[in-house]
Amino acid sequence: MAIRVAHVGTGNVGRLALTQLIEDPRFELVGVCVSTPAKVGRDAGELAGLDTTTGITAVGSLDELIATKPDCAVYCAMGDTRPIESFNDCLTLLSAGIDVVGSAPGGLQYPWNVMPAKAIDKIEAATKEYDSSIFISGVDPGFANDLIPFAFAGTCQRVTQVRCLELADYATYDGSTVMFDVMGFGKPLDETPMLFLPGILGMAWGTTLQILADGFGVTIDDVVEHHESEPAPETFEIAAGTIKKGTRAAVRFEICGMVDGKPAIVIEHVTRLRPDLRPDWQRPSKGGGCYRVEIAGEPSYEIEIIPSSNRGDHNHAAIVAGAGRIVNAIPAIVDGPPGIRTTLDLPLIKGPGLTP
């Protein structure tokens, strides 16, 4: 029997997750919730960009969504700029006895030692009382820097450092809020964007640092952040808007989880808006973007994941992967025990059936 699912949010991630919920026979879509008034009443197929009519029209409130009695809700509303609201939305769904998988809030990917204890307690109490569970994931933070490192480290005799990198050209990424407000692209270099405020990098990737530390049995003593930016040599256009000459056009940052004074777990990002910017920074070996995992130990590994798609470029493919990770986890979340679920305790998620 198909799993009854409801969906929240139809932005960059949500639209692609909704596509799979409509097309995948494992699921029966029973409701869609949106925050944009103009989308209320529109068919889910139209919101997903599909040439199909589902008969499921979008509603504007969680109460209306809960009334459809789904087994699981896929939560893809914006969390980067509204962490409290997304947390409360998920708490509401869990308190209605509905399992949740989603892309936000990011802190719930692995909240221990990252989120306040009272917030974790609220979620855990709700899942226990109402027999519900929650799994939040993405690409990075997400499977590229927890699932992949653990899979390969499982073949090592010794591990001394894990470094997870995202190397990508974001020129085709059209999420203006993330691009301009969060990352500060197109802004003067002396203007500090949200991402580079003290402690934000460590908070944003704190879930990754903690899940890797716990999985490898170490304690992080300190988190060290570093970032640098490169200005645009001239004015040019990207999918999200205009990048004026002299404004931020490329960034590189590191978040280092220090163990015994050494950078044991490192997250590194190099994000360009043009491929010619900062050739001295690391690059993907192929195409416009990749995720790279470097494991130092015995043996050592360098694993490069290069997402691609028949429907878009590397940025589109990465978003599809993030959506696929959470949607494919639905059966395991619905069948599993209550609580906050993470990569450390989930079974191997094999994905949809093979269709040659």
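This tour moves through a six-stranded sheet, a helix lying across part of it, and several aromatic contacts. The model is predicted.

**The sheet**

Begin by selecting strands 7, 8, 11, 12, 13 and 14. They form an open sheet in the order 8-11-12-7-13-14, and the pairing is mixed. Strand 8 (222-231) and strand 14 (301-305) stand at the edges; each has a single partner strand, so one side of each is left without a neighbour in the sheet. On average, neighbouring strands here are turned by 10° against each other, direction ignored.

**The edge at strand 8**

Next, select strand 8 together with strand 11 (residues 248-259). The two run antiparallel and are joined by 10 bridges. To inspect one position, show Val224, whose bridge partner in strand 11 is Cys256.

Now add helix 9 (residues 206-216). This helix lies across strand 7 (158-169), strand 8, strand 11 and strand 12 (262-272), and runs at about 145° to strand 12.

**The edge at strand 14**

Move to the other edge and select strand 13 (residues 289-298) with strand 14. These strands are also antiparallel, with five bridges between them. A hairpin of two residues joins strand 13 to strand 14. Within this pairing, Ile295 has Tyr301 of strand 14 as its bridge partner.

**Aromatic pairs**

Keep Tyr301 on display and add Phe152. Their rings form an edge-to-face pair, 5.2 Å centre to centre with 70° between the planes. Phe152 lies in helix 6 (residues 147-153) and Tyr301 in strand 14, so the pair ties together parts that are 149 residues apart in sequence. Both residues are partly exposed: the relative accessible area is 29% for Phe152 and 27% for Tyr301.

The count of aromatic pairs comes to six. Another of them is found by selecting Tyr110 and Trp112, which are arranged edge-to-face at 4.9 Å centre to centre and 75° between the planes. Is each partner buried or partly exposed? Tyr110 has a relative accessible area of 9% and is therefore buried, as it falls under 20%. Trp112, at 27%, is partly exposed.

Then select Phe196, Trp205 and Phe253, which ring pairs link into a cluster.

**A charge over a ring**

For the last stop, show Phe236 and Arg274. Arg274 lies over the face of Phe236, at 5.0 Å from the ring centre.

Definitions and conventions
Residues numbered from 1 in each chain as written. Predicted model: local features only at pLDDT ≥ 70, side-chain atom pairs only at ≥ 80, totals over all residues. Heavy atoms only, no water. Pairing = 2+ DSSP bridges. Helix = DSSP H or I, 4+ residues; strand = E, 2+ residues; numbered from the N terminus. Axes fitted to C-alpha atoms, helices over the stretch in contact; angles between N-to-C directions. Contact = heavy atoms within 4.5 Å. Phe/Tyr/Trp six-rings, centres within 6.5 Å; stacked < 30°, edge-to-face > 60°. Buried < 20%, exposed > 50% of the residue type's maximum accessible area, 1.4 Å probe, protein only. Lys NZ or Arg CZ within 6 Å of the ring centre and 35° of its normal.
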